[in-house]
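Here are some short exercises to work through with the model open beside you. Try each task before reading its solution.

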Amino acid sequence: MSANLNLTVTPVSGSENPAVPSSQIDVVLTVTVSGPTYNQNLDDYGSITIDSTTVTIGAVSVPSNSTVTLYSARHTIVHNPDGTKTVSVSAAYNLNTSYVGWLNVSGSTVLPTIPRATVPYADTTAIGNTMTIRLPRASANFTHRVLYYFGSLSGTLAEAAGDQLQWTIPMDFCAQLPNATSGTVQISCSTYNGSE
């Protein structure tokens with residue numbers, strides 16, 4: 001008689017939550033037995049650990065020459081601040097027969113990275129003054145390319161900004177307001193993980 005544990009971890013498409021960030025996975029653990037399961041003791045037991053959360057597996061009757069599901073569930077996994085995540089799963093089960101006792105299996109799965117774009121913000125100021133553009137990045141590894149658009153004018157403010165930058169509003173912005181006393185500058189921010 002021989003037996004082995006089979007572990008499947010499947011990311012759930014469309015389950016990503018950028019705000020947390022988190023996503024869901026489906027975890028299935030089965031045991032496959034080849035040959036007769038002589039004298040199986042139904043006091044058998046085991047456990048499965050999914051990203052540091054451990055769940056107990058109770059006794060399951062395993063017929064000869066069969067595959068039986070020991071555990072099947074959907075789990076929400078919290079990602080790293082930069083949106084990446086490798087989830088580790090391990091399991092142990094005591095088949096508790098005359099020929100086979102404890103079985104073990106483990107593995108890891110790289111989950112799809114959840115994009116986490118930075119949304120810039122700044123206070124109102126006057127032309128000629130210096131303003132602080134804040135870039136509340138989700139990870140210290142994130143850098144930003146920051147552009148501005150105002151009327152017919154545009155330009156690059158930074159290529160690899162961190163969590164904020166200083167910008168003095170150019171006096172030539174006045175020419176873009178011939179019949180107004182105020183205007184709105186559009187700030188565009190592209191987020192990168194490091195220099196990517």
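**Exercise 1.** Find how many disulfides this predicted model holds, and decide whether Cys174 and Cys189 are buried, partly exposed or exposed.

*Solution.* Start with the sulfur atoms: a disulfide needs a pair of cysteine sulfurs within 2.5 Å. The structure holds zero of them. Next, turn to accessibility, where buried means under 20% and exposed over 50%. Cys174 has 40% relative accessibility, so it counts as partly exposed. Cys189 has 18%, and therefore counts as buried.

**Exercise 2.** Work out the secondary structure content of the protein and judge its overall spread against the globule rule.

*Solution.* Count the elements: there are 12 strands and zero helices. Along the sequence this reads β-β-β-β-β-β-β-β-β-β-β-β. Now compare the radius of gyration with the rule: the protein has 28 Å, well over the 16 Å given for 196 residues, so it is more spread out than a compact globule. To finish, look at the box that the C-alpha atoms fill along the principal axes, roughly 90 × 25 × 20 Å.

**Exercise 3.** Describe the burial, contacts and surface of the protein.

*Solution.* Take burial to begin with: 36% of the 196 residues are buried. Then take contacts between residues at least 6 apart in sequence; 66% of these join residues at least 24 apart. For the surface, the protein exposes about 10600 Å², with carbon and sulfur atoms supplying 47% of that area.

**Exercise 4.** How far apart are the mean positions of the positive and negative charges?

*Solution.* Count 6 positive and 11 negative charges, then locate the mean position of each group. These two positions lie 7 Å apart.

Terms used
Residues are numbered from 1 along each chain as its sequence is written. This is a predicted model: local features need pLDDT of at least 70, side-chain atom pairs count only at pLDDT 80 or more; totals for chains, interfaces and linings use all residues. Side-chain values use heavy atoms; hydrogens and water are left out. Buried means under 20% relative accessible area, exposed over 50%, partly exposed in between (1.4 Å probe, protein chains only). Helices (H or I, at least four residues) and strands (E, at least two) are DSSP runs, numbered from the N terminus. The radius of gyration is taken over C-alpha atoms; the globule rule is 2.2 Å times the number of residues to the power 0.38. Contact means heavy atoms within 4.5 Å. Accessible areas come from the Shrake-Rupley method with a 1.4 Å probe; for residues, only the protein chains shown count as cover. Lys and Arg count as positive and Asp and Glu as negative; His and the chain ends are not counted. The place of a charge is taken as NZ of Lys, CZ of Arg, CG of Asp or CD of Glu.
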